Amino acid sequence: MAPGQVPGAATFVARGIRKAFRRGQQVVPVLDVPLFELARASTVGLSGPSGSGKSTLLNVFAGILQADAGEVLVGGASQTALAPAERDRFRARHIGYVFQTFNLLPPLSAVENVMVPMAFCTVISRGERRERAMNLLAQVGLATRADRLPAELSYGEQQRVGIARAFANQPRLVLADEPTASLEPGLKHRIAELLVQCCASVGASLLVASHDEAVLGHMQRVERMERINRRAGGME
């Protein structure tokens, strides 16, 4: 199968993944995952203490971090085999990412932030981008806040913009790293519900790293990092 080829139905697989970080002269192993699979259109939570490798595994799946060994298959395509620039394009096309700290661009409005990923691939034509971004903001209840800057939005609103942005290019896989960590308790269930609903609406798979039972309770299954990672207890 050619790099970047994505068939219609597939699972998402991390196989034989190893990752270590250097801390001064010391090499700290973080991931040793023999096999982790995520079925298409499923919702899975990753739980475990800080330092168990949840965020690192998400970043390896996203291609933000390159594993030291092993292979990541996203929709049947070997993301690991791609060169760095190709991996960035592949991520923009096939993977949505919801960050703990929102990562919105301060000078851009909510709708402009949602449009940013559309510029990295040709899924959405230039003339359709604003309309799609507005539709996504409407889906998360922010149509009337589309022209506000991030500083003019509450934390909960900023995270909803982040969710809308993750779906900009119709991804097959959505990754969320502690998506409710910066939010007050009353918002956590709502954010989890939005993630699940948005994924269901497009048939995307969802993998969430979280300590939060309010989030994990919305997942179809929850995996403990201590069970899938032989190096659990390393560092995030």
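This report walks through helix packing, two unusual backbone angles and a few individual residues in a predicted model.

## Helix H5 and its surroundings

Start with helix H5, which covers residues 155-166. Its 12 residues span 17 Å from the first C-alpha to the last, close to the 16 Å expected at 1.5 Å a residue. H5 is largely enclosed by the rest of the structure, because 10 of its 12 residues are buried. The buried set runs Gly156, Glu157, Gln158, Gln159, Val161, Gly162, Ile163, Ala164, Arg165 and Ala166. Glu157 and Arg165 both appear there, and they belong to the charged class, so the buried part of H5 includes charged residues.

What do the buried residues of H5 pack against? Their partners are strand S6 (95-98), helix H3 (110-115), helix H4 (129-139) and helix H6.

## How H5 meets H6

H6 takes in residues 185-202, and its axis comes within 11 Å of the H5 axis, with a crossing angle of roughly 10°. Angles under 35 degrees count as roughly parallel, so H5 and H6 are roughly parallel to each other. As for handedness, the crossing of the two helices is right-handed.

On the H5 side, the contact is made by Gly156, Gln159, Arg160 and Ile163; H6 brings in Leu187, Ile191, Leu194, Leu195 and Cys198. Sorted by class, that gives 6 nonpolar, 2 polar and 1 charged residues. Why would contact residues on a helix be spaced three or four places apart? An α-helix has 3.6 residues a turn, so residues three or four places apart point the same way.

## Gly162, inside H5

Gly162 sits in helix H5. Is Gly162 buried or exposed? With a relative accessibility of 1%, Gly162 counts as buried. Setting aside neighbours within four places in sequence, Gly162 is in contact with Val98 and Leu104. There's also a long-range pairing to look at: Gly162 and Asn113 are 49 residues apart along the chain, yet their C-alpha atoms are separated by 8.3 Å.

## Cys199 and Arg172

Over in helix H6 you'll find Cys199, and at 1% relative accessibility this residue counts as buried. Ignoring residues up to four places away in sequence, Cys199 touches Phe167, Val174, Ala204, Ser205 and Leu206. Cys199 and Arg172 are 27 residues apart in sequence, and 8.8 Å apart in space from C-alpha to C-alpha.

Arg172 itself belongs to the loop between H5 and S7. At 25% relative accessibility, Arg172 counts as partly exposed. If you trace from Arg172 to Ser125, 47 residues away in sequence, the C-alpha to C-alpha distance is 19 Å.

## Tyr97 and helix H2

Tyr97 is part of strand S6 and counts as buried, with 9% relative accessibility. Which residues does Tyr97 touch, once those up to four places away in sequence are left out? They are Leu58, Asn59, Ala62, Ile64, Ala166, Leu175 and Asp177. Ala166 is one of the buried residues of H5, so Tyr97 ties in with the H5 packing against S6. Asp177 is 80 residues from Tyr97 in sequence but 8.0 Å away in space, C-alpha to C-alpha.

Helix H2 (residues 84-94) packs against S6 too. The buried residues in H2 are Arg87, Phe90, Arg91, Ala92 and His94. Besides S6, these residues pack against helix H1 (54-62), strand S4 (69-74), strand S5 (77-78) and strand S7 (173-177).

## Two positive phi angles

If you like checking backbone torsions, here are two to look at. Ala41 has a positive phi of about 65° although it isn't a glycine. You'll find Ala41 in the loop between strand S2 (26-38) and strand S3 (43-47). Its relative accessibility is 42%, so Ala41 counts as partly exposed.

Asn103, also not a glycine, has a positive phi of about 60°. This residue lies in the loop between S6 and H3. With a relative accessible area of 39%, Asn103 is partly exposed.

Notes:
Residues are numbered from 1 along each chain as its sequence is written. This is a predicted model: local features need pLDDT of at least 70, side-chain atom pairs count only at pLDDT 80 or more; totals for chains, interfaces and linings use all residues. Side-chain values use heavy atoms; hydrogens and water are left out. Axes are lines fitted to C-alpha atoms, for helices over the stretch in contact, and angles run from 0 to 180 degrees between N-to-C directions. Helices (H or I, at least four residues) and strands (E, at least two) are DSSP runs, numbered from the N terminus. Angles under 35 degrees count as roughly parallel, over 145 as roughly antiparallel, 65 to 115 as roughly perpendicular and the rest as oblique. A crossing is left-handed if the near helix is turned anticlockwise from the far one by less than a right angle, and right-handed if clockwise. Contact means heavy atoms within 4.5 Å. The expected span of a helix is 1.5 Å times one less than its number of residues. Buried means under 20% relative accessible area, exposed over 50%, partly exposed in between (1.4 Å probe, protein chains only).
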